[in-house]
Amino acid sequence: MEKDPTGTMPLMEHLRELRRRIIWSLAVFLISFGLCYHFSAEIYKFLAEPLMQVMREQGVADPHLISTDLTEGFFTYIRVAMFGALFLSFPFLAIQMWMFIAPGLYKSEKRAFFPFLIVTPILFILGGALAYYGIIPYAWRFFLSFQQGADTGVGIKLEAKISEYLSLVMKLIFAFGCCFELPVGLTLMVRAGLVTVQQLISWRRYAYVAAFALAAVLAPPDAITMIGLAIPLLGLYEVSIIASKIMLRKKKHEDEEVQTDTEN
């Protein structure tokens, strides 16, 4: 990328570089979408399996989801393909963002920010995995426990709609994935000087309340799912404080090395 005599990049060059990164990101997303659409049936089965498993445990001979719209089956495959494409292309999207930002950073700043590039997709996948394997099965068992047989006078039997079920399970997976990015966001804010470690510590009690409030908004209205999201958020907040302290310690050490080299 060309720079002017002052060492800064012209605005138009910034815009061209941004356009280039957006085009690459869209291209990778579309390729990922095509690949995931080819395997959309398998992705759909993967997302539906937690509910199917719980229904089998409760003696349902033919567990299934229902469709009440002629086009719902088609759009189901589109939605699951987009869901898979977002997960598949997320690391590349993070790399493109990094490649756009990196030229404007000093060498020491690049070293400091590079670990975040690696940690971001890992934390996102860990959050989604916790939702799928750790929270969703227990939440589905809780909700299905309210079913009643016809002998009670008013029978309650689940006939889950495909679109509503997928909306709920995708929302949970993405909510957990995004919430697991909390250490990255807070540590970057500390690095940028927007907040301090002391402020994060003093805000701890408010952060705990906010974690439960956020869990109540994002999670279904049952105690298991809300606690299952709130507890990791509390732990991630504490991890953010520890990571920020380590990052500041390393930054201070790097600044001392740069100052020593300058004096020499």
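The following legends describe an overview and several close-up views of a predicted model.

**Figure 1. Overview of the chain, which contains 9 helices and 0 strands.** Followed along the sequence, the elements give the pattern α-α-α-α-α-α-α-α-α. The chain has 264 residues, and buried residues make up 36% of them. Among the contacts that join residues at least 6 apart in sequence, 78% are between residues at least 24 apart. The accessible surface of the chain amounts to about 15900 Å², and carbon and sulfur atoms account for 69% of this surface.

**Figure 2. Close-up of the packing of helix 2 against helix 3.** Helix 2, which spans residues 40–57, and helix 3, which spans residues 72–101, have axes 9 Å apart and pack at an angle of about 85 degrees. Because angles of 65 to 115 degrees count as roughly perpendicular, the two helices, helix 2 and helix 3, are therefore described as roughly perpendicular to each other. On the side of helix 2 the contact is made by Ser40, Ala41, Ile43, Tyr44 and Leu47, and on the side of helix 3 by Thr76, Tyr77, Val80, Phe83 and Gly84. Taken by class, the residues of this contact comprise 7 nonpolar, 3 polar and no charged residues.

**Figure 3. Close-up of Tyr77 in helix 3.** Tyr77 counts as partly exposed, with a relative accessibility of 32%. When neighbours within four places in sequence are left aside, Tyr77 is in contact with Tyr37, Ser40 and Ala41. Of the residues named here, Ser40 lies 37 residues from Tyr77 in sequence, while the C-alpha atoms of Tyr77 and Ser40 are 5.5 Å apart in space. Ser40, Ala41 and Tyr77 also belong to the contact between helix 2 and helix 3.

**Figure 4. Close-up of the packing of helix 3 against helix 5.** The axis of helix 3 comes within 10 Å of the axis of helix 5, which covers residues 162–179, and the two axes cross at roughly 10 degrees. That angle makes helix 3 roughly parallel to helix 5. Helix 3 contributes Glu72, Thr76, Arg79, Val80, Phe83, Leu86 and Phe87, which meet Ile162, Ser163, Leu166, Ser167, Met170, Ile173 and Phe174 of helix 5. The contact of helix 3 with helix 5 is made up, by class, of 9 nonpolar, 3 polar and 2 charged residues.

**Figure 5. Close-up of Ser32, located in helix 1.** Helix 1 runs over residues 11–38, and within this helix Ser32 is buried, with a relative accessible area of 6%. Apart from residues up to four places away in sequence, Ser32 touches Ala85, Leu88 and Ser89.

**Figure 6. Close-up views of the cysteines Cys36 and Cys179.** Cys36 is buried, with a relative accessible area of 8%, and Cys179 is likewise buried, with a relative accessible area of 8%. The cysteine sulfur closest to that of Cys179 belongs to Cys178 and lies 7.0 Å away, which is too far for a bond. With a disulfide taken as a pair of cysteine sulfur atoms within 2.5 Å, the count comes to 0 disulfides.

**Figure 7. Close-up of helix 6, which covers residues 182–192, and of Gly193 just after helix 6.** The buried residues of helix 6 are Pro183, Val184, Leu186, Thr187, Val190 and Arg191. Just beyond helix 6, Gly193 adopts a positive phi of about 85 degrees.

Note on methods:
Residues are numbered from 1 along each chain as its sequence is written. This is a predicted model: local features need pLDDT of at least 70, side-chain atom pairs count only at pLDDT 80 or more; totals for chains, interfaces and linings use all residues. Side-chain values use heavy atoms; hydrogens and water are left out. Axes are lines fitted to C-alpha atoms, for helices over the stretch in contact, and angles run from 0 to 180 degrees between N-to-C directions. Helices (H or I, at least four residues) and strands (E, at least two) are DSSP runs, numbered from the N terminus. Angles under 35 degrees count as roughly parallel, over 145 as roughly antiparallel, 65 to 115 as roughly perpendicular and the rest as oblique. Contact means heavy atoms within 4.5 Å. Ala, Val, Leu, Ile, Met, Phe, Trp, Tyr, Cys and Pro count as nonpolar, Asp, Glu, Lys and Arg as charged, and the others, Gly among them, as polar. Buried means under 20% relative accessible area, exposed over 50%, partly exposed in between (1.4 Å probe, protein chains only). Accessible areas come from the Shrake-Rupley method with a 1.4 Å probe; for residues, only the protein chains shown count as cover.
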